[in-house]
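Dear colleague,

Please find below the structure that I am handing over to you, together with its sequence. My findings follow beneath it.

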Amino acid sequence: MTEELWSNVERYISDTLVQPDRALDAALAASDAAGLPSINVSPNQGKLLHMLALIAGAQRILEIGTLGGYSTIWLARALLSGGRLITLEADKKHAELARRNIDAAGVGSLVEIQVGSALETLPKIAAASPDPFDLIFIDADKTNTVPYFDWSLKLSRPGSIIVVDNVVRKGAVIDAKSTDKDVQGMRRFYDRLTNEPRVLVTAIQTVGSKGYDGFAIAIVKA
Ligand code: SAH
Ligand code: DHB
Ligand code: MG
């Protein structure tokens with residue numbers, strides 16, 4: 001089995017089950033043209049995020065790691081009426097392009113982009129004592145996944161869903177001796193989750209155009 005086969009199957013899934021969408025395609029094309037890395041979630045993963053937000057009945061969504069706003073658009077489109085999404089992005093250039101892509105997709109009024117390192121913006125969000133977020137998507141620098149998860153717990157409520165991307169890293173996550181800082185960041189995340197009584201959590205491996213990786217999905221318990 002090869003990445004080529006996985007990508008072909010992903011295309012088959014997307015072609016049959018994920019409706020073509022001009023705004024999402026345009027967001028990717030603009031991101032590509034601007035030289036952003038194509039590390040956005042794949043279309044079928046974006047639709048999964050969208051569906052999780054629908055299942056959650058999400059009115060408030062927090063995303064950590066915006067890039068060009070591709071996953072943001074998928075998530076924002078699932079918001080209940082009156083809902084809002086806050087997305088955090090460290091790179092000004094990414095944030096500016098995301099703003100354009102999100103506005104062009106027609107969900108601009110639902111989305112606030114906070115520019116800055118998420119480790120600096122998250123305490124400010126918490127200090128404002130917002131209503132808890134119904135769904136949180138963690139997809140930024142992998143080394144800080146543990147602090148992002150801890151902030152997510154503070155900003156959530158029983159029943160909130162926390163999704164974390166890139167928890168498998170081509171399988172390298174099982175290598176305790178890995179010298180890759182992102183892998184070690186994810187290993188610290190698994191350690192952090194072990195025996196964490198406040199969440200119900202599992203992880204799913206993903207393959208396809210974005211390589212071999214995975215999603216962790218947690219439900220915050222009472
Ligand atoms: N969620 C996006 C992909 C995000 S890629 C999608 O699926 O479409 C990861 C993003 O996290 C990049 O844009 C990167 O600039 C941003 N990032 C990296 N370190 C960060 C930090 N400390 N705080 C906030 N964002 C960060
Ligand atoms: C990288 C980041 C991601 O969020 C992703 O999904 C894939 C790769 C990266 O930084 O290499
Ligand atoms: Mg990712």
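In helix α7, the buried residues are Thr-145, Val-146, Tyr-148, Phe-149, Trp-151, Ser-152 and Leu-153. Please note that the model is a predicted one. Helix α7 spans residues 145–154, and seven of its 10 residues are buried, so the helix is largely enclosed by the rest of the structure.

The metal site is the next point. The magnesium ion (ligand 3) is coordinated by Asp-139 (OD), Asp-165 (OD) and Asn-166 (OD1), at 2.0 to 2.2 Å. Along the chain, these donors follow the spacing D-x25-D-N. Asp-139 and Asp-165 link distant parts of the chain, 26 residues apart: Asp-139 belongs to the loop between β4 (135–138) and α7, whereas Asp-165 lies in strand β5 (residues 161–165). Asp-139 counts as buried because its relative accessibility is 13%, under the cut-off of 20%. Asp-165 is likewise buried, with a relative accessible area of 5%.

Turning to the sheet, seven strands form an open sheet with mixed pairing, in the order β3-β2-β1-β4-β5-β7-β6. The edges are occupied by β3 (111–115) and β6 (199–206); each has a single partner strand, so one side of each is left without a neighbour in the sheet. From one strand to the next, the twist averages 15°.

Within this sheet, β4 and β5 pair in the parallel sense over four bridges. Phe-137 stands opposite Val-163 in β5. The same strand β5 holds Asp-165, one of the residues that coordinate the magnesium ion (ligand 3).

Yours sincerely,

Note on methods. Residues are numbered from 1 along each chain as its sequence is written. Chains are lettered from A and ligands numbered from 1 in the order in which they are written. This is a predicted model: local features need pLDDT of at least 70, side-chain atom pairs count only at pLDDT 80 or more; totals for chains, interfaces and linings use all residues. Side-chain values use heavy atoms; hydrogens and water are left out. Buried means under 20% relative accessible area, exposed over 50%, partly exposed in between (1.4 Å probe, protein chains only). Helices (H or I, at least four residues) and strands (E, at least two) are DSSP runs, numbered from the N terminus. Donors are N, O and S atoms within 2.8 Å of the metal (3.2 Å for Na, K and Ca); water is not among the atoms, so sites may look incomplete. Two strands pair if DSSP finds at least two bridges between them. Axes are lines fitted to C-alpha atoms, for helices over the stretch in contact, and angles run from 0 to 180 degrees between N-to-C directions.
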